[in-house]
Amino acid sequence: VSTQSTWENIFEYISKEVGVEEMNTHTGFIGDCSPEQLAVLEKFRAHVHGQGGTKYDDVYLLRFCRARKFDLPAVVEMWENFIKWRKENDVDNIEKFEFPELDQVKMFYPHGYYKTDREGRPLYIERIGLLDLTKLFQVTTEERLIKYYIQSYELLINKIFPACSKAAGKRIEQTLTILDLKGGSTSMLSKRVYNFIQLASSIGQNYYPEILGKMFIINSPMLFSGIWAVIRPWLDEKTRNKITIVGSKYDQQVLELVDPENLPMFLQGGRSPEDLVISPGPWNVVGGAIAEESKEPEENEEDREKELAELRDAFAGFGLVNAPKPDIEKTQQMKDDLREQENITLATQARMNPQDLGVTPLNTQMDEKDEKD
């Protein structure tokens, strides 16, 4: 397979995800639907809810509508395939899947979410130039990687987007992606790499459509830029506006959409650890893997009495035998204050680690929302 034909396949694949034809001047997002689009949404919603899918709101359903140009039969067909696929892969229980090899995977396939752009969208970064497929599949399998992809997309929709929406004070349902080709050789132009990209993005294309709003491909080699010059005229203006390919001088274009402090060190001329684990962002304020919501265990009365007895023994040890019993409410307040201080300390420590990336696989789905002037 020639180098040029391989990249032609890649761009053809991306352009299909974006959607080359614009069927309507309305974007098809909440608040910007034409009467015809709303009519399709209403019928589609009735179909989905009639099958018991009441947990899926209009935002979720509109992604499928846009992916199929609001062609109701095509939308329903895509949805039925989606529901069948979810059952076959037990997606409703995918959060139970354990992926202990993640640290090793990220050594040979650096990727993840890192803070947000100026619009509040989660920033996804893929260091595709450092991809080592041989070593990657020595530490995991394709089957396990697929499960990891599915789990990551579910986290994106159910955790990351809601957290970003809350932080931004508006609905966030798109991502901004940076594909970094730095460090890549001619081997990254191979059919094997293309198949790997297709493996990751096909999950999003078929089952999590309309996710990405903008893509930067940076540090592109001269050969890549030449191929893009050939492919570019084939794409419509909207599609071309969604994909920006630049060399090593990408700062100005990227910084128009991302604050400097929201970029990891390796994109600012610095270094970053090989093991990319922490995922800083509104979804994870204390560092580590994407944080699950947790609650402090409630203390029962027996535990409190035990603590008070220990305090009385401590007072007795200092010769305070006749000291008054500690006040229960004040004691609890002291403990709460200590916990709050500990949380502040953890959050501060997390902000001191801006170099790392978090989880979630290659995200190449393009949305069809026009960028408004």
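Let me begin with a crossing: helix 2 and helix 3 cross in a right-handed way, where right-handed is said if the near helix is turned clockwise from the far one by less than a right angle, and left-handed if anticlockwise. The residues that make up this contact divide into seven nonpolar, no polar and two charged, with Ala, Val, Leu, Ile, Met, Phe, Trp, Tyr, Cys and Pro counted as nonpolar, Asp, Glu, Lys and Arg as charged, and the others, Gly among them, as polar.

Before I go on, a word on what we are looking at. This is a predicted model, in which local features need pLDDT of at least 70 and side-chain atom pairs count only at pLDDT 80 or more, while totals for chains, interfaces and linings use all residues. Residues are numbered from 1 along each chain as its sequence is written, and side-chain values use heavy atoms, with hydrogens and water left out.

The chain has 13 helices and five strands, where helices (H or I, at least four residues) and strands (E, at least two) are DSSP runs numbered from the N terminus. Of its 373 residues, 47% count as buried, and here buried means under 20% relative accessible area, exposed means over 50%, and partly exposed is what lies in between, with a 1.4 Å probe and protein chains only. Among the contacts in the chain with a separation of 6 or more, 81% come from residues 24 or more positions apart, a contact being heavy atoms within 4.5 Å.

Now back to our pair. Helix 2, residues 35–50, packs against helix 3, residues 58–67, at an angle of about 115°, and their axes are 10 Å apart; the axes are lines fitted to C-alpha atoms, for helices over the stretch in contact, and the angles run from 0 to 180 degrees between N-to-C directions. The two helices are therefore roughly perpendicular to each other, given that angles under 35 degrees count as roughly parallel, over 145 as roughly antiparallel, 65 to 115 as roughly perpendicular, and the rest as oblique. On the helix 2 side the contact is made by L41, F44, R45 and V48, which meet D58, L61, L62, F64 and C65 in helix 3.

Helix 3 also has a partner in helix 4, and that pair packs at an angle of about 125°, with axes 9 Å apart. Helix 3 and helix 4 are therefore oblique to each other, and their crossing is right-handed. In this second contact, Y60, L61, F64, C65 and A67 of helix 3 meet V75, M78, W79, F82 and R86 of helix 4; by class, that gives nine nonpolar, no polar and one charged residues.

How much of helix 3 is covered? It is mostly covered, since nine of its 10 residues are buried, and the buried ones are V59, Y60, L61, L62, R63, F64, C65, R66 and A67.

C65 deserves a closer look, being buried with a relative accessible area of 0%. Why does C65 form no bond to C33? The closest cysteine sulfur to that of C65 is the one in C33, at 8.1 Å, which is too far for a bond. With a disulfide taken as a pair of cysteine sulfur atoms within 2.5 Å, the count comes to zero. Another cysteine, C164, is buried with a relative accessible area of 1%.

Let me turn to the backbone. Most residues other than glycine have a negative phi. Just after helix 3, however, comes K69, with a positive phi near 55°, and F70, which is not a glycine, has a positive phi of about 60°. F70 lies in the loop between helix 3 and helix 4 (72–88), and F70 is buried, at a relative accessible area of 13%. E210 likewise has a positive phi, near 60°; its place is in the loop between helix 8 (191–207) and strand 4 (212–218), and at 3% relative accessibility E210 counts as buried.

Finally, the loop between helix 4 and helix 5 (102–108) holds K96, and F99 is found there too. Is K96 buried or exposed? At 60% relative accessibility, K96 counts as exposed, whereas F99 is buried, at 11%. K96 and Q151 are 55 residues apart in sequence and 8.9 Å apart in space, C-alpha to C-alpha, while F99 and Q151 are 52 residues apart in sequence and 9.9 Å apart in space, again C-alpha to C-alpha. Leaving aside neighbours within four places in sequence, F99 is in contact with V105, T140, R144, L145 and Y148.
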